[in-house]
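Student: Could we go through this fold together, step by step, and see how its parts are packed?

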Amino acid sequence: MSENKEKNLKKLYSINEKSLELLDKKSILLENEPSLNSFLIKQKLLEKLNLNNYKKLDTKYINQVFNEIYSNSFFYDNEKIVYLGPEGSYTHEASINLFGTNNNYYSVNSIKNIFFEVEEGRAKYGVVPIENSSNGIVGDTINCFDNYNLNIIGETVLDIHHTLVSNCSKTQDIKIIYSKDIAFDQCSIFLENYHLNEVKYEYVDSTTKAAKLAAQTPNSAAICSKLAAKTHNIPVLFESIEDKKDNKTRFLIISKFENERSNNTKTSIIVKLPNTQGSLINFLNDFKKAKINLNKIKSHIVKGISTFFIEFEGDKNDKEVQKIIKKHNSHIKVLGSYMKQIEDI
């Protein structure tokens, strides 16, 4: 080994040693001060870290590393985190990205049940999909926000990459493919290119279930996530088979508690306006007059009533925002203010 390489190896050892020493001190600090054990403080710390000018670390990498370190230092008082299952689903993957691997996860079988478990106090956090860049808003989530009184306390965006998994070594041996209908639609070009559109499609409730079935069934395959493939120990034949490579899904974290004010905040609301001429324009003009930037306006039908899911920059307690909320109090339901992770998908 050259002298220069040996010096750099010693530097590398020293850096890693100091990193572990700091993590050990952090764990001791948190053990002695349990009040620091909160999702809110984690969000505040992450916000400050993202403002630092690191030479080689981008925001995505900082978030991934910090979430993993955080999950091994904080245990959220062993509170449950519920997600749309089963294990290995994209919502499960988003949950791990948010809270790290070392946490108390439970899968439930519907978005409604996520809201119900958090509302009943049997889970402290829930992770729900709100929109997909290819398929739009998730109606079930909007409906649940209308029916339950829970708060949005955070968000995350997951790049959706589908894989083709199978115990077959050749695509010619595949006789049946399992997956969700939406996954088949998102991978149509790949399936056609490999003549897999000529085999039988079996539609199932989740891509994770598809992976499980493919692992158990001869001459079969599944379209699923890499996490689902790993969970069910089935080989990946092809990665990133989706038609649109920028396919993303945005997820929200829901809870019964509220966030404190942050510097980089967005607010989500549900609005039900009277069916009169100009009601929406007049409502939106109040934001324009207050110079509040709207990030998103999505229309949805809830119980036969036109409902708008609206997001804007700022905190719900800001002076100008409060004026609008009070003016339209009977038409607005505030869902929460939280740290902004992305402008839009």
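The questions below concern a predicted model and turn to its core, one helix and one sheet.

Student: Which helix or strand supplies the largest share of the largest nonpolar core?

Tutor: The core has 23 residues, and among those that touch the most other members are I114, F115 and V128. At least two residues come from each of β1, α5 (111-119), β3 (125-132), α6 (139-147), β11 (248-255) and β15 (332-339). V128 in turn touches I111, I114 and F115, as well as L252 and I254, among others. The largest share, four residues, is supplied by α5.

Student: Why do the buried residues of α9 count as lying on the same side, and what arc do they cover?

Tutor: The buried residues of α9 (207-216) are T207, T208, A210, A211 and A214, where buried means under 20% relative accessible area. Their cover includes α4 (90-99), β7 (176-179), α7 (181-186), β9 (220-224) and α10 (226-231). They are on the same side of α9 because the arc they cover around the axis is only 155 degrees.

Student: Which are the edge strands of the open sheet β13-β14-β12-β15?

Tutor: The four strands of this open sheet follow that order with antiparallel pairing, and β13 pairs with β14 (305-313) over eight bridges, with K296 standing opposite E311 in β14. An edge strand pairs on one side only, and this holds for β13 (294-302) and β15.

Student: At about what angle does α6 run to β13?

Tutor: Neighbouring strands of the sheet are turned against each other by 15 degrees on average, direction ignored. Helix α6 lies across β12 (265-271), β13, β14 and β15, and its angle to β13 is about 85 degrees.

Technical notes
Residues numbered from 1 in each chain as written. Predicted model: local features only at pLDDT ≥ 70, side-chain atom pairs only at ≥ 80, totals over all residues. Heavy atoms only, no water. Core = buried A, V, L, I, M, F, W, Y, C linked by side-chain atoms within 4.5 Å. Buried < 20%, exposed > 50% of the residue type's maximum accessible area, 1.4 Å probe, protein only. Contact = heavy atoms within 4.5 Å. Arc of directions from axis to C-beta. Pairing = 2+ DSSP bridges. Axes fitted to C-alpha atoms, helices over the stretch in contact; angles between N-to-C directions. Lists of a residue's contacts leave out its neighbours within four places in sequence.
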